[in-house]
Structures are given as C-alpha cells and as structure tokens.
Amino acid sequence: MNPLLITSLENERVKEVVHLRDRHHRDKLNLYLIEGYRELLRALDGNAALIRLFICPELFLGENEPDLIKKARKKGCEIIETSAKVFHKMSYRDRPDGLIGVATQQRKGISDLKAILANIKNPLLIVAEAIEKPGNLGTILRSADASGVAALIVANRCTDIFNPNVVRASCGTLFTVPVVEGTTEEVVAWLKANNVQILAAMPQATKIYTDVDMQKAVAIAVGTEQLGLSEQLKKDAHIQVRIPMLGTADSLNVAMATTLILYEAVRQRQRG
C-alpha cells in the first residue's frame, strides 16, 4: 500500500508536528517527536510507542531506510510521505534525513524502579537533579548507555525528557536507558530505603571521586549547571565527591562531569 502523500504546508498533520516542538503541546497531546534514522531505529528496537512516521525519500541519506519503514509498518505505525518543502518545515534539524516519527509519551515514576532493577545486582544509577539544558540531559543519557547505567533518575524535572533536543543529543539512547522521574524527596527516600549509596558530585567536596568505592549499589547525583545540587541532596548524600580542577574554572559541564565519574565506576567494577 502506497503511503499518503502530503504536499501542502497547511496540512493539519504538518501543523501538529511543528507544534510538538513546544512543551505545552507535547504535554497537551501526550505526544513527542523522534527525528533521524538512528534515533528512530533505537526507538523501534526499544518499543517506543511510535504511531506515525513521516518520510521524504528524496532526503534519505542511505539505503537502510526502507527496512526501517517496513519495521515501523509491522508495528502498526502509520506511514505518511511528504514533499521536501513540507518536510523541511516539519524538521528541526539543519540537514534533515527524511524521517520524523510521532510517538506517545511513556513516563515512569519512582515506583517503577523496583521492577527495572529487579534482576540487577549492585546497580549503577544516575540522579540528574533539575538539569536545565536539553543537550546536557541528552548527553548524560548517551554516557549512561555507554557505561551500562541501570537507570537514569530525573529529580525535580526542569527539562522535558521528550524535548526534541534531548532525543537528538541522546542519539536515541533515551530508548535504551530506563528513565524515571520524581521529586528529590521521593528519590532520596527510595534510594535510602533500598540501600543505594548516594554519591553527590559537588565542587566543594573534600574527597576526590577516584578515592571512593563505587562497586556496590550507587547513585551518582549531579545538579544544575548554575546552582549545583539542592541542599537536600547535599545533606542526605552518603558521600560527597569532587573532580580535581587545576585551572581557573571551579567545575566542569554537568554532562562531562557525569561521564568522568561514571567511567571511574566502570573501571572499578571491571577491576573487581
């Protein structure tokens, strides 16, 4: 069956995609956008609730797009073809690759952590508290995937995890790393009740991050780019650590700092 073809910029489906760049419309419709071949492939493999796929064959960059479209169609996804002009209007990328998906939001809360971690011994977790920039949250997800993090806990959400720039910066790892959301109070209570050590990353700490044992169940807590962690997380953390800063700056970008600490945890766990 040939897909529907849209050539009008005034088409309601096109307008909906453009509106989904805005958080208000995403929350109102409970939908979000996934753009790009790699992101969509990981979304389909990760069982994201993809309901609609817009395609523009003249913008395809490779030869694997037909297989992705076939996979999406088998999962019940509606396929809609557009002209290049229409696709450029919908795309939020400078160089679109002819693939944009619309998916239903699937959010998880702190209560879902028990099932997520059920068969994982000594899980490595991240607590990302009030992260403001979508690019940083997406990069943290990418590092979490690469380092085998069991779950990313978003505390006191500032950035919408379904922001198109989070999806893009994560390179689709939003669909490979379990993400749960909750208040800082809920997060701290759950971690303590389940014997997970809270490691607070903060420039004022006295201990260096490489001097702390991260082989047991541990949650690495990182805070906002400007203000750092909340007073509650600082107070309730089992241990505070810092990254040595030998220059003028007193801290690293939050995504970079998270990656450094994660790979120290990986090093220790591989060493045993």
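Author: A pocket is an open set of points on a 1 Å grid over the protein atoms, with protein on both sides within 12 Å along at least five of seven lines. Keep that in mind as we look at this predicted model.

Reader: How much space lies in the largest pocket?

Author: About 450 Å³ of space lies there. The lining has 25 residues, and Ala201, Met202, Pro203, Ser251 and Leu252 are the closest to the pocket's centre.

Reader: What makes a residue part of that lining?

Author: A lining residue has an atom within 4 Å of a grid point of the pocket, so the 25 residues have passed that test. Strand S12 (239-242) and helix H11 are the elements that give two or more residues to this lining. H11 gives the most, with 4 residues.

Reader: How do you know which class each lining residue of the largest pocket belongs to?

Author: The class follows from the residue type: Ala, Met, Pro and Leu count as nonpolar, for example. Ala201, Met202, Pro203 and Leu252 are therefore nonpolar, while Ser251 is polar. Over the whole lining there are 13 nonpolar, 8 polar and 4 charged residues.

Reader: What about the second largest pocket: how much space does it have, and which residues are closest to its centre?

Author: About 310 Å³ of space lies in the second largest pocket. Of its 15 lining residues, Gln106, Lys108, Leu174, Phe175 and Val177 are the closest to the centre. By class, its lining has 9 nonpolar, 4 polar and 2 charged residues.

Reader: Let's turn to H11. Why is Gln268 called buried?

Author: Gln268 is found in H11, which covers residues 254-271. Buried means under 20% relative accessible area, and Gln268 has 3%, so the word applies.

Reader: What makes the approach of Gln268 to Glu264 a polar contact?

Author: A polar contact needs a suitable pair of N or O atoms within 3.5 Å. The side chains of Gln268 and Glu264 are joined at 2.8 Å, so the distance falls within that limit. The side chain of Gln268 also reaches the backbone oxygen of Val212 at 2.8 Å. Leaving out residues up to four places away in sequence, Gln268 touches Thr210, Val212, Asp213, Met214 and Gln215.

Reader: Now to the strands. What is the order of the strands in the open sheet?

Author: The order is S8-S7-S6-S11-S9-S12-S10, with 7 strands and parallel pairing. Strand S8 (179-182) and strand S10 (207-208) stand at the edges, because each has a single partner strand and one side without a neighbour in the sheet.

Reader: How do you know that S6 and S11 pair?

Author: Two strands pair if there are at least two bridges between them. Strand S6 (residues 124-129) and strand S11 (residues 218-222) are joined by 5 bridges, so they meet that condition. Within this pairing, Val127 stands opposite Ala221.

Reader: What makes S10 and S12 count as a pair?

Author: S10 and S12 are joined by 2 bridges, and at least two are needed, so they count as paired. Ile208 has Arg242 as its bridge partner in S12. S12 also pairs with strand S9 (residues 197-201) over 3 bridges, and there Ala201 has Val241 as its partner.

Reader: Which side chains of S12 point to the buried face?

Author: Ile239 and Val241 point to one face and are buried, whereas Gln240 and Arg242 point to the other and are not.

Reader: And S7: why is Ile153 called buried?

Author: Ile153 lies in strand S7 (residues 151-155). Its relative accessible area is 0%, which is under the 20% cut-off, so Ile153 is buried. Both faces of S7 are covered: Ala151, Ile153 and Ala155 on one side, Leu152 and Val154 on the other, are buried. Neighbours touching Ile153 include Ile110, Leu125, Val180 and Leu191. S7 pairs with S6 in the parallel sense over 5 bridges, where Ile126 stands opposite Leu152.

Reader: One last stop, in a loop. Why is Ser91 called buried?

Author: Ser91 is in the loop between helix H5 (84-90) and strand S5 (99-104). A relative accessible area of 7% is under 20%, so Ser91 counts as buried. The Ser91 side chain reaches the backbone nitrogen of Arg93 at 3.0 Å, and Ser91 touches Arg21, Glu35, Pro96 and Ile100, apart from residues up to four places away in sequence.

Conventions. Residues are numbered from 1 along each chain as its sequence is written. This is a predicted model: local features need pLDDT of at least 70, side-chain atom pairs count only at pLDDT 80 or more; totals for chains, interfaces and linings use all residues. Side-chain values use heavy atoms; hydrogens and water are left out. Buried means under 20% relative accessible area, exposed over 50%, partly exposed in between (1.4 Å probe, protein chains only). A polar contact is a pair of N or O atoms within 3.5 Å; within protein, one must be able to donate a hydrogen and the other to accept it, and residues adjacent in sequence count only if both atoms are side-chain atoms. Contact means heavy atoms within 4.5 Å. On a 1 Å grid over the protein atoms alone, a cavity is a set of points where a 1.4 Å probe fits but cannot get out, and a pocket is an open set with protein on both sides within 12 Å along at least five of seven lines; lining residues have an atom within 4 Å of a point. Grid points are joined across faces, edges and corners, and a volume is the space filled by probe spheres set on the points.
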